[in-house]
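Welcome! Please open your viewer, load the model below, and keep the selection tool ready for a short walk along the chain.

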Amino acid sequence: MDDFTRKFNAVEDKDEQIRHILTSVYEALKEKGYDPINQLVGYILSEDPTYITNYKSARTLICKIDRDELLQVLVRNYLGL
């Protein structure tokens, strides 16, 4: 049995989940011949899921992410925080 306390960091776990979803959606868009960056930006600005393909359940995945949380993760990562 472990004799130490495990630390749980919900922010890091959420960030990793969002990173995984974004990567999956990016790859699905790329495989279908779309410009993934333009499609993701369109989705982020409008929150219209039709910017995202249904291929490999990408649309379902992206809809699991709250747009505000997605923007927070993107800004934190861009700034290296």
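Is K56 buried or exposed? Select K56 and show its surface: K56 is exposed, with a relative accessible area of 52%. Keep in mind as you look around that this is a predicted model.

**Stop 1: the whole chain**

Before going further into detail, zoom out and switch to a cartoon view. The protein chain has 4 helices and 0 strands, and from the N terminus on its elements run α-α-α-α. Now colour the chain by burial, if your viewer can do that. Of the 81 residues in the protein chain, 25% are buried.

**Stop 2: back to K56**

Go back to K56, which lies in the loop between α2 and α3. Its phi is near 55°, a positive value in a residue other than glycine. Why is that worth a look? Most residues other than glycine have a negative phi.

Now add the side chain of E31 to your selection. E31 and K56 meet in a salt bridge, at 3.0 Å from N to O. This pair links distant parts of the chain, since E31 sits in helix α1 and K56 in the loop between α2 and α3, 25 residues apart. E31 counts as partly exposed, at 44% relative accessibility.

In general, side chains of opposite charge can pair when their charged atoms come close. How many salt bridges does a search of the whole structure find? It finds 5, and you will visit some others on this tour.

**Stop 3: a charge over a ring**

Next, select K32 and Y55 and show both side chains. K32 lies over the face of Y55, at 5.2 Å from the ring centre. Turn the view until you look straight down on the ring of Y55, and find K32 above its face. While you have rings in mind, how many aromatic pairs does a search of the whole structure find? The result is 0.

**Stop 4: along helix α1**

Select helix α1, residues 10–31, and pick out D15 within it. D15 counts as buried because its relative accessibility is 15%, and the cut-off for buried is under 20%. Which side chain does the side chain of D15 contact? Add R76 to the view: the two side chains make a polar contact at 2.7 Å.

Now step along to E16 and R19. These two form a salt bridge, with their closest N and O atoms 3.8 Å apart. E16 and R19 are 3 residues apart in helix α1, so about one helical turn separates them. E16 counts as partly exposed at 47% relative accessibility, and R19 counts as partly exposed at 43%.

**Stop 5: helix α2 and the residue after it**

Move on to helix α2, residues 36–46, and show its side chains. Which residues of this helix are buried? They are P36, Q39, L40, G42, Y43 and I44.

E47 follows α2 and has a positive phi, near 60°. E47 lies in the loop between α2 and α3 and is partly exposed, with a relative accessible area of 39%.

Which residue forms a salt bridge with E47? Add R67, and look for the closest N and O atoms, which are 3.5 Å apart. R67 lies in helix α4 and E47 in the loop between α2 and α3, so the pair ties together parts that are 20 residues apart in sequence. R67 is partly exposed, with a relative accessible area of 23%.

**Stop 6: a loop residue and a partner in space**

Select K64, in the loop between α3 (58–62) and α4. K64 is exposed, with a relative accessible area of 57%. Now add I21 and draw a line between the two C-alpha atoms. They are 8.7 Å apart in space, while K64 and I21 are 43 residues apart in sequence.

**Stop 7: a nonpolar patch**

Finish by turning the surface on and selecting V75, Y78, L79 and L81. These residues form a nonpolar patch on the surface, with about 530 Å² of accessible area together. One of them, L79, belongs to helix α4, residues 67–79. L79 is exposed because its relative accessible area is 52%, and exposed requires over 50%.

Note on methods
Residues are numbered from 1 along each chain as its sequence is written. This is a predicted model: local features need pLDDT of at least 70, side-chain atom pairs count only at pLDDT 80 or more; totals for chains, interfaces and linings use all residues. Side-chain values use heavy atoms; hydrogens and water are left out. Patches are made of residues with over 30% relative accessible area and no salt bridge: like charges are joined within 9 Å, nonpolar side chains (Val, Leu, Ile, Met, Phe, Trp, Tyr) within 5 Å. Accessible areas come from the Shrake-Rupley method with a 1.4 Å probe; for residues, only the protein chains shown count as cover. A salt bridge is a side-chain nitrogen of Lys or Arg within 4 Å of a carboxyl oxygen of Asp or Glu. Helices (H or I, at least four residues) and strands (E, at least two) are DSSP runs, numbered from the N terminus. Buried means under 20% relative accessible area, exposed over 50%, partly exposed in between (1.4 Å probe, protein chains only). Rings of Phe, Tyr and Trp (its six-membered ring) pair if their centres lie within 6.5 Å; planes under 30 degrees apart count as stacked, over 60 as edge-to-face and the rest as tilted. A charge sits over a ring if NZ of Lys or CZ of Arg is within 6 Å of the ring centre and within 35 degrees of the ring normal. A polar contact is a pair of N or O atoms within 3.5 Å; within protein, one must be able to donate a hydrogen and the other to accept it, and residues adjacent in sequence count only if both atoms are side-chain atoms.
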